[in-house]
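Subject: Structure handover

Hi,

Here is the structure for your project. Please open it alongside this note; my findings follow below.

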Amino acid sequence: MPAMPTIRLQGAAKDGVELPVVASGCAFGNWTDQAQGIGFSPEDANRAITLALDCGVRTFDGAHFYRTEPIVGRILGERFAKGELQRGDVWIQTKVGHPIVEGHTRFNPYRAFDWVGLKGANERSVRDAVLQPFWKSLDELGVGWVDVVFIHWPSPHPKPEGPPLTSAEARRMRKIMYRALLDMMAGGATRAIGVSNFSSEHLKQLGEDLPGVPMPAINQLEISPYNFNRNELAAMRDMKVVPQAWSPFASGEFGLLKDPVLVGLAAKYAVTVGQIICHWLWTHGVASVPKSCEEKLLRASLDINSFSLTTDELTSIDKLSEGKEPRRTNLDPCSFT
């Protein structure tokens, strides 16, 4: 099997840091079946992370809000203790700054960032509110540093009656949060800084508010063949920000995994639909974060470059979203202040 491709990071990253093109997601839970209750099921991480490591997965995407980092840390610690792995063998991503999710008991508000409650707070209070969970993530993971830390969302979730924060206030808080994480990178707690669910306008504002400061190395977004915003991605590339796709398979929604174009290509190359999608994203310079608890799919995620789609085949996937309303499982970053 060919080695996992990587993308050299620019902006807020240590010299020479390269992002593996595929990471394994750690946000275990139910995100589509309302009847079963939307929310996290961190207990699934016990089997999934063990299986992923056994399959050879070495890149993990987590977050303080997911409630899986203590499990990831325990399982990695056992491998470290046995000498099966060293810290440098694995790539670990975490996130801080997830807004409080109201009305759901399966989302822990004490692991969230209280954007609204911090409205008007001084800089020290905002810094503490983002750095305390980052330090807790480091402790729960049992590692001295992570490879990337992200700001999870750019502001509180929008509401029908209007935005919970003004654009100016959300912008002020993002500036403070980002600067705090830059200080952590300077101290060696992370090798790179990213953002998640930021629009190109959010990135532009950050650059204006912190002139001369490196831009985020990565922006993690919901991207799939049914939700592929070319203009947004082009703007990010112009800023030297690497896009990383969460939910690249649309969480199994909209019939994406049964799309005839994707199924036909998977059959032709004797691979999974997931491999086709991750390969297609890679050709566009987009890294991806699929999530699975199945051995076959975990092993498949490690092999996205033993085959090569033709230009016409790549174009056929591009056309799945061209001129169509995006089909997404979560909120549009452009709707956030």
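The sulfur of C26 lies 10 Å from the closest cysteine sulfur, which belongs to C293. That is too far for a bond, because a disulfide needs the two sulfur atoms within 2.5 Å. The disulfide count is zero. Keep in mind that this is a predicted model.

Accessibility for two of the cysteines: C26 is buried, with a relative accessible area of 2%. C334 counts as partly exposed, at 47%.

Next, the sheet. Eight strands form an open sheet, and their pairing is parallel. The order runs β3-β6-β7-β8-β9-β10-β11-β12. Its edge strands are β3 (24-25) and β12 (287-289), and each of them pairs on one side only.

One pairing in detail: β10 (residues 218-222) runs parallel to β11 (residues 242-246), and five bridges link the two strands. L221 has A245 in β11 as its bridge partner.

Now a helix pair. Helix α7 covers residues 260-269 and helix α8 covers residues 273-283. They pack at about 100°, with their axes 8 Å apart. So α7 is roughly perpendicular to α8, because angles of 65 to 115 degrees count that way.

Which residues in α7 and α8 meet? From α7 come L262, V263, L265 and A266. From α8 come V273, I276 and I277. The contact has seven nonpolar residues, no polar and no charged ones.

Best wishes

Key: Residues numbered from 1 in each chain as written. Predicted model: local features only at pLDDT ≥ 70, side-chain atom pairs only at ≥ 80, totals over all residues. Heavy atoms only, no water. Axes fitted to C-alpha atoms, helices over the stretch in contact; angles between N-to-C directions. Helix = DSSP H or I, 4+ residues; strand = E, 2+ residues; numbered from the N terminus. Parallel < 35°, antiparallel > 145°, perpendicular 65-115°, else oblique. Contact = heavy atoms within 4.5 Å. Nonpolar A, V, L, I, M, F, W, Y, C, P; charged D, E, K, R; others polar. Pairing = 2+ DSSP bridges. Buried < 20%, exposed > 50% of the residue type's maximum accessible area, 1.4 Å probe, protein only.
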